[in-house]
Amino acid sequence: MSDNPPDPAQIDGADFFIGIVAARYNGELVDALLDCVTKVLKQHGVRERNMEVLRVPGANEIPYAAHMLSATGEFDCLIALGVVLAGETTHHEVIAYGTAYSLHSIGMQSEIPVINGILTVSSLEQAGERIGGKRDRGAEFARAALQMAWHKIKLVERLDALEDEKKVLEDEDDDEDEGFDPKQLFKNN
């Protein structure tokens, strides 16, 4: 567990739309994590009506739901929440690696930031330390979502402005070509 999180950015989330996909498996732990996330989002101005929480059976189902939410284009950021406890087999590793890779891919392909809030822990004690204990990972996930939503909006505005500038330049080039008729070169000769 990292003991050096970044200082929280002071961001007003009043205009942000945040999608949250939360697992039902290990429900009490995920519910506590979800409570931490929504509390911080609200503290930063995100309206409850601008948050959509979608519950899925377990962490393995989170990427599918996140992908589908990203396809709507309605969200400035998505947060994936789950708690995967280590067991007697390596199943938790498969889930951790698979979901991390999938969530990263969803963000890159959809251009909507996805915060990976799936905790992979060795024990209930470790989970407790990260959810309302020594380290409030829910608050960290919420603050990361706010910052990435802000970046998404600013970068989309920047890209839109560049696209508009490119169209203006292309239109100017088209206007210059409209008056030229190559046949005119030979007409007066």
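In the predicted model, Ala22 has Leu81 of strand S3 as its bridge partner. Strand S1, residues 18–23, and strand S3, residues 77–85, run parallel and are joined by five bridges. Both strands belong to an open sheet of four strands, paired in parallel and ordered S2-S1-S3-S4. The edges are occupied by S2 (51–56) and S4 (114–121); each has a single partner strand, so one side of each is left without a neighbour in the sheet. From one strand to the next, the twist averages 15 degrees.

Two helices were examined against this sheet. Helix H1, which spans residues 27–43, packs on the sheet and touches S1, S2, S3 and S4. The direction of H1 makes about 155 degrees with that of S3. Helix H3 (residues 91–110) also packs on the sheet, with contacts to S3 and S4; the angle between the directions of H3 and S4 is about 175 degrees.

H3 also contacts helix H2, residues 62–72. The axes of H2 and H3 come within 9 Å and cross at roughly 5 degrees. Angles under 35 degrees count as roughly parallel, and H2 and H3 are therefore roughly parallel to each other. On the H2 side, the contact is made by Ile62, Pro63, Ala66, His67 and Ser70. On the H3 side, the residues are Thr99, Ser102, Leu103, Ile106 and Ser110. Classified by residue type, the contact of H2 with H3 has five nonpolar and five polar residues, and no charged residues.

Conventions: Residues numbered from 1 in each chain as written. Predicted model: local features only at pLDDT ≥ 70, side-chain atom pairs only at ≥ 80, totals over all residues. Heavy atoms only, no water. Pairing = 2+ DSSP bridges. Axes fitted to C-alpha atoms, helices over the stretch in contact; angles between N-to-C directions. Contact = heavy atoms within 4.5 Å. Parallel < 35°, antiparallel > 145°, perpendicular 65-115°, else oblique. Nonpolar A, V, L, I, M, F, W, Y, C, P; charged D, E, K, R; others polar.
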